[in-house]
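Reader: Hi! I'm in my first year and still learning to read structures. Could you take a close look with me at how the helices pack, and walk me through the details slowly?

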Amino acid sequence: MSANEALAARLHEMSQLMDLLGIDSFRSSAHARAARAIESQSTDIALLASDRKALLAVEGIGPKMADKIIEFCKDGKIKEHAELLEQVPQGLLQLLDIPGLGPKTIRIMWQDGKVTDLAGLEKSIADGSILSLPRMGAKSVEKIKQSIAFIKQQGGAGGDGAAPKRLWIGVAQPIADRVVALLQKAGDPGLKVAFAGSLRRGKETIGDIDILAAPRTPDEAGRIMTAFCKMPGIIGVLVSGDVKASVRVGLEGEFGRWGNETVGSGGGIQMDLKMVPPDSWGAAMMYFTGSKEHNIAMRERARKRGLTLTDYGLFPEDDPDKKLGPPHSRGIKSICPADTEEALFKALEVAYAHPETREDLGEIGWKQTPHLIELPDIKAELHAHTTASDGRMSIEELAENAKARGFHTIAVTDHSQSSAVAGGLKVDRLLEHIENIRKASAKVKGITILAGSEVDILADGQLDYPDDILAKLDIVVASPHAGLSQDPITATARLLRAIENPYIHILGHPTGRQINKRPGLSPDMAKLYAAAKLHNVALEINTHWIRLDLRDIHIRGAMEAGCLLAIDSDVHETVDFDNLRYGILTARRGGVTPDRCINTWDSRKLHAWLNRKRK
DNA sequence: CTTGCGCACAAGCCCCACGTGGACGTGGG
C-alpha cells in the first residue's frame, strides 16, 4: 500500500467510525471526500504535505484536514483516528463490509442489541432477534446470511478487518468476456449485451462485474435471466427479479482456470445483471458505467438546465420534490433519443467523454473530445524477453508473433547481469546475444528486430552495463527491479540518474509496483516527468495487469508535463501480447494521445528517434 | 469539515430499485 492509499484508507475509516457513532454526517462525508481526493493525487502525499498551501489547494481539503494529513505524514498516525477507534468495538467496522447492512442499522444493533462483532451478528440471526430491527425481514436476513458466508470464505473472517479484495482487471476481463458471450447465446440474434462499470472504465482493479442486456421480448428476457443465474461456477444468487439479478461466481470452475494468479479475491466475484428496454440502452450504459462521481456531475448539469437525467433517458424536470415517481414510469418520453450515450451527451451540450475518462476529473466541460489512443494504433513492441533470459520464446518465434500482430518493429530486451534470478546476461553473453539477434533479423523478413536490453537500474541509479556496452545496443529500456523499498528521496535520485544516462530510451515500469502485492517506489513524479522530457526518455506503461506501471494518475501527470510514453507488454510468452488491451485502457485513463506514444510512430520516425542517442 | 460568499455563517452532489412497512435505509453507478 502506498502512503497515499494508507492515508486514504485511514480517512475513510474515520468517516465510517463517525457514521457508526452518529457524528455529524457532513464531517463524515468530508473525510470520505478527502480520502478520494488523496487517492487521485499523483504526487506522493509526503511531498505534498511538505507544502501546506499545496495541500489546501486540493479540492476537498481544508485547514483541519490539512493538519491531519500533515500529522499523518509526520507521525504515521492521526490522534483523532485513535480516539474514534476507542469509542467503537473492534468487530463493528467489519460489519460494514456486509452488503445489506449499513451504518444506521449496525448502530442500532450495537446500541440496543448488544451486537459488537460478527459472532454477535450471527447469534442474533440464529435466535431471530435480528428480525425485531426496523426494516429487517426474511429476505434481508437471507441476503446477510449469504454475505457472511462469502466473507468467511474469502478468508478475512478472522476479523483482520481487511476490506473485500478487488480483482485484477486482467483476471476480471476474460470472465466478463465469457459471460457476455454466454448471454448473447442465450438470447436471439442481434441481442445487445455488454459489460459496464469499472471494467468498462478500465480501472486497474475491479470490485464487481456489471453486465447490461437489452432483450426485445419477455421470453428472451427470461432466457437471459435463467442463463445468468445458472451459469457455470455459480456459488450463490443474491437477488433475482424480472429485470435485475446479482450472483456470486467462483473462480475455480469453468470461469476460473487462470492459473495461480486467481488468489486476489479469495474465492469469487459478484456479478450484476441489469436488463433494460433497447431504447434506453444509452442512458442505462451511462448509469451502469459510472463512475458515481461522473454520474452525479452529469445529473447536476441536467438539473441546471431544467432537466432530469435518469437511467432511462433525459426528461423535463416536472417534479422537483420527487413526489410523483420516476418520469419513465409515468409514461413521460425522453426529450432526446436515449439509445446511445452520444445522443445524451449531445443533448446536455457536453463533449462526449470516453468511458475511461469518466471520473469527474475535468472531462465534463471539455471543449471537445480528445483523440485518445486505440489498440490498432500500436505498431511496435519495445520490451520483450526470449529464452536467453527468462522468456519462453526464441528470437525468431518472438519476431513471428510480433509480425502476426501487425507490428513493424520488435525489440529484444533480455535482462541484464544483475538480474540473476531472471537469467540476466553477463557482458560476453550479451555480445553473443546481439549477434544472434542480427542473424535472426536476416532470416525473418517483414519486421525490424532491434537488439536491446532491459537494463537494471541499480540501487544508486547506475545502469547495469557500462556505457560502451550500452552504446552497442539499438535500444535500452532501463528498469528498477530490486531495492524497491527505498525512501522517496533516494528513489527520486536513483531514477533521475538513470534518466540522465545518455544511452537510455525508455524508463521501464518506473515505480516497480505490483498491484495488490507491493507498493514499489514513491519518487517525486514531477521531477521525473521534467527530467524525462528534458532528456528525451519515454516513460513506460507496462501493460501487464499486475503492474500497469505507470498507473493512470501518473500518466495524467506525464501527459500534462509533455512527456513521451511507451506502451509495452514486457513479453515473456505469446499470451503476454494480449495484455496490450489493459495498457491501452490505462493509457486512455491518463489521456494519452497517439502522437505522444512512441509505439504508434511509423518505422522511420521511431528508428530515427532511437538513433538520436547513438551518435 | 469544506466551500462559497463575503470577512460570519449558511448549506451541503443525483436518481432509481428494493425491501419493509408506511418513510427510510441500503445498494447500484
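Author:
**Where helices meet**

Helix H11 (residues 169–186) packs against helix H23 (residues 580–589) at an angle of about 110°, and their axes are 10 Å apart. Please keep in mind that this is a predicted model. Angles of 65 to 115 degrees count as roughly perpendicular, and H11 and H23 are therefore roughly perpendicular to each other. On the H11 side, the contact is made by Ile 169, Gly 170, Gln 173, Pro 174 and Asp 177. On the H23 side, look for Arg 581, Tyr 582 and Leu 585. Sorted by class, the residues of this contact of H11 with H23 are four nonpolar, two polar and two charged.

Now let's go to H1, which we can follow into two contacts. Its axis (residues 3–21) and that of helix H6 (residues 79–87) come within 10 Å and cross at roughly 40°. H1 and H6 are therefore oblique to each other. The crossing in which H1 passes H6 is left-handed. Which residues of H1 meet H6? They are Arg 10, Glu 13, Met 14, Leu 17, Met 18 and Leu 21, and their partners in H6 are Glu 80, His 81, Leu 84, Leu 85 and Gln 87. By class, six residues of this contact of H1 with H6 are nonpolar, two are polar and three are charged.

Next comes helix H5 (residues 63–75), which packs with H1 at an angle of about 130°, their axes being 11 Å apart. That angle makes H1 oblique to H5. Here the crossing of H1 and H5 is right-handed. From H1, the residues Ala 3, Ala 6, Leu 7, Arg 10, Leu 11 and Met 14 take part, and they meet Met 65, Lys 68, Ile 69 and Phe 72 in H5. The contact of H1 with H5 has eight nonpolar residues, no polar ones and two charged ones. Try finding Arg 10 and Met 14 on your screen: both belong to the contact of H1 with H5, and both also appear where H1 meets H6.

Met 65, from the H5 side of that contact, leads us on to the DNA. It is one of the closest residues to DNA strand B, along with Gly 60, Gly 100, Thr 105 and Glu 300. In total, 52 residues surround DNA strand B. Those residues divide into 19 nonpolar, 15 polar and 18 charged. Which helix gives the most to this surface? Helix H15 (residues 292–304) does, with six residues. Of the strand's atoms within 4 Å of the protein, 67% belong to sugar or phosphate, and the rest belong to bases.

A few pairs of atoms make this easier to picture. A polar backbone atom of Lys 64 lies 3.4 Å from a phosphate oxygen of DNA strand B. For Lys 139, an N or O atom of the side chain is 3.1 Å from a phosphate oxygen of the strand. Asn 295 reaches a base instead: a polar atom of its side chain is 3.4 Å from a base nitrogen of DNA strand B.

Let's finish with the loops. Most residues other than glycine have a negative phi, and most peptide bonds are trans. Just ahead of H15, the loop between helix H14 (281–289) and H15 holds Ser 291. The peptide bond from Gly 290 to Ser 291 is cis, with omega near -5°. Another cis bond runs from Asp 549 to Leu 550, with omega near 0°. You will find Leu 550 in the loop between strand E15 (538–542) and helix H22 (552–560). Asn 516 has a positive phi of about 65°, although it is not a glycine. Its place is in the loop between strand E14 (506–507) and helix H21 (525–534).

Terms used. Residues numbered from 1 in each chain as written. Chains lettered and ligands numbered in written order. Predicted model: local features only at pLDDT ≥ 70, side-chain atom pairs only at ≥ 80, totals over all residues. Heavy atoms only, no water. Axes fitted to C-alpha atoms, helices over the stretch in contact; angles between N-to-C directions. Helix = DSSP H or I, 4+ residues; strand = E, 2+ residues; numbered from the N terminus. Parallel < 35°, antiparallel > 145°, perpendicular 65-115°, else oblique. Left-handed = near helix turned anticlockwise from the far one by under 90°. Contact = heavy atoms within 4.5 Å. Nonpolar A, V, L, I, M, F, W, Y, C, P; charged D, E, K, R; others polar. Near = heavy atom within 4 Å. Polar contact = N/O pair within 3.5 Å; in protein donor to acceptor, adjacent residues only side chain to side chain.
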